[in-house]
Amino acid sequence: MNAVAVNPSREEVMLLECPEPALSGPAQVRVRMREVGLCGTDREIAAFEYGTPPDGEDYLIIGHEGLGEVVEVGTAVESLRPGDLVVPMVRRPCRHEHCYACRAGRQDFCYTGEFTERGIKQAHGFLTETIVEEEAYLAPVPAELREVAVLTEPLTIAEKALAQIGLVQQRLPWACPVGDEVAACRCRAVVLGAGPIGILGAMALRQAGFEVFVYSRNPPDDPRAKLIESLGATYLFSEAVSLDKLAGRVGNIDVVYEATGAAQVSFQLMETLGVNGVFVLTGVPGRKGPVKIEAARIMRNLVLKNQVVLGTVNAGRVDFEAAIRDLGVFLGRWPHALRGLITGRHPISRYRELLQDKPRGIKNVIRLH
Ligand SMILES: [Zn+2]
Ligand SMILES: [Zn+2]
């Protein structure tokens, strides 16, 4: 079978011929991959900035945004049957007994850093024809989500962020009664960036009851602007609304969802965060030089406005399940916008240009079966 792999020591990106994996335990599932989405992480791995092969191997099969179909199940597998659609999770726990996060099944909060991640860190990924995976790391997907379920993994970022925003906002019991779905604290959210993470974040925040503003450097005639407005969100072009005018335009900014990985603009935006605001960082900046920030102003605001800044990476099983549920909701509410996020479906033979040329469109997907 074919797989797309990188050899970091030789700086090679290649289409690899490798044997089909077979079940080696009763709790395992063999999955035929249908689609794999590509993102900036894959492009960074293909540029050898990132990405580690499994121990003892010299190459890493990439791909971490997968959708597949079960073809075979081990004798102990209870929840899945051949024909079921599944999305595989990315991170696997570390082995340390004292890592409470991994032992609790929340390896997305791993303390030791010795987790593995399929397609990224010391474990092969999903950009291949067939994988074998433990039942515990596969999230079942209803058949009616077949055309959009490849967006599950990128949506899990927003789901994990929303869960944490909810926890922080419980400190405002007068505005955010626990268990109340659309509460008064669910006010105004600014999403920074209009890539797939930003747009899926905007959808999740809208669905959670926020008034949403997407702040982007893409000009307003970019198709993303229309797509974002179709969600009932407001599109703000960075050249038309400067950051110092943003709070005047939006009002008290209760939440910022950062989805660019750009340090300078993120910290400038932090200066505009409102009273009792939560600032969520999801992007990983490249290794660039230092940026200038207004540290004293940011620190003063953090204290005097009761602000919280939190970073979030990866996602747990609950976030995958929430993402799959929400994709169904989004497909009913904004079918055109959700489908419009996937701007290209390509054969595996185009892997090189998709990984190494300047990205075009919103989300590119490789179709395997
Ligand atoms: Zn990704
Ligand atoms: Zn751990």
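**Exercise 1. Determine whether Leu-304 is buried or exposed, and describe its surroundings.**

Solution. Leu-304 has a relative accessible area of 65%. Exposed residues are those over 50%, so Leu-304 is exposed. The structure is a predicted model, and the value is computed from that model. Next, the residue is placed in the fold: Leu-304 belongs to helix 8, which covers residues 295–304. Finally, its partners are named. Together with Met-299 and Val-303, Leu-304 makes up a nonpolar surface patch whose joint accessible area is about 360 Å².

**Exercise 2. Describe the overall dimensions of the protein and state how its radius of gyration relates to that of a compact globule.**

Solution. The expectation comes first: for 369 residues, a compact globule would have a radius of gyration near 21 Å. The protein has 21 Å, so the two values agree. The C-alpha trace spans about 60 × 45 × 40 Å along the principal axes. Of the 369 residues, 53% are buried. The secondary structure consists of 11 helices and 19 strands.

**Exercise 3. Identify which residues coordinate the zinc ion (ligand 1), and explain what parts of the chain Cys-39 and His-64 tie together.**

Solution. The donors are Cys-39 through SG, His-64 through NE2 and Glu-65 through OE, at 2.1 to 2.2 Å. Their spacing in sequence reads C-x24-H-E. Cys-39 sits in the loop between strand 3 (28–37) and helix 1 (40–46), while His-64 sits in the loop between strand 4 (60–61) and strand 5 (65–73). The pair therefore ties together parts that are 25 residues apart in sequence.

The accessibility of these two donors is then considered. A residue is buried under 20% relative accessible area. Cys-39 has 14% and is therefore buried. His-64 has 4% and is therefore buried.

**Exercise 4. Describe how strand 1 and strand 2 pair, and establish which strands stand at the edges of their sheet.**

Solution. Strands of a sheet pair through backbone hydrogen bonds, either parallel or antiparallel. Strand 1 (residues 2–7) and strand 2 (residues 12–17) run antiparallel to each other, joined by six bridges. Two opposing pairs can be located in the model. Val-6 faces Val-13 of strand 2, and Asn-7 faces Glu-12 of strand 2. The two strands form a hairpin with four residues between them, and Glu-11 in the turn has a positive phi of about 50°.

The sheet as a whole is open, with three strands in the order 2-1-4 and antiparallel pairing. Strand 2 and strand 4 are at its edges, each having a single partner strand, so one side of each lacks a neighbour in the sheet.

**Exercise 5. State how many salt bridges the structure holds, and describe the one between Lys-363 and Glu-65.**

Solution. Side chains of opposite charge can pair when their charged atoms come close. The structure holds 19 salt bridges. In the one between Lys-363 and Glu-65, the closest N and O atoms are 2.8 Å apart. This pair links distant parts of the chain, with Lys-363 in strand 19 (residues 363–367) and Glu-65 in strand 5, 298 residues apart. Lys-363 and Glu-65 are both buried. Glu-65 is also one of the residues that coordinate the zinc ion (ligand 1).

**Exercise 6. Determine where the salt-bridge partners Glu-147 and Arg-339 lie, and then where Arg-297 and Glu-271 lie.**

Solution. Glu-147 and Arg-339 form a salt bridge of 2.9 Å, N to O. The pair links distant parts of the chain: Glu-147 is in the loop between strand 11 (138–141) and helix 3 (152–169), and Arg-339 is in helix 10 (residues 335–340), 192 residues apart. Glu-147 is partly exposed at 35% relative accessible area, and Arg-339 is partly exposed at 40%.

The second salt bridge joins Arg-297 and Glu-271 at 2.6 Å, N to O. Arg-297 lies in helix 8 and Glu-271 in the loop between helix 7 (263–270) and strand 16 (278–281), so this pair ties together parts that are 26 residues apart in sequence. Arg-297 is partly exposed, with 40% relative accessibility, whereas Glu-271 is buried, with 18%.

**Exercise 7. Name the residues that are linked in a network of salt bridges.**

Solution. The network consists of Arg-106, Asp-108, Lys-160 and Asp-319.

Key: Residues numbered from 1 in each chain as written. Chains lettered and ligands numbered in written order. Predicted model: local features only at pLDDT ≥ 70, side-chain atom pairs only at ≥ 80, totals over all residues. Heavy atoms only, no water. Patch = residues over 30% accessible without salt bridge, like charges linked within 9 Å, V, L, I, M, F, W, Y side chains within 5 Å. Areas by Shrake-Rupley, 256 points an atom, 1.4 Å probe, with all protein chains shown as cover. Salt bridge = Lys/Arg side-chain N within 4 Å of Asp/Glu carboxyl O. Buried < 20%, exposed > 50% of the residue type's maximum accessible area, 1.4 Å probe, protein only. Donors = N, O, S within 2.8 Å, 3.2 Å for Na, K, Ca; no water. Pairing = 2+ DSSP bridges. Rg over C-alpha atoms; globule rule 2.2 N^0.38 Å.
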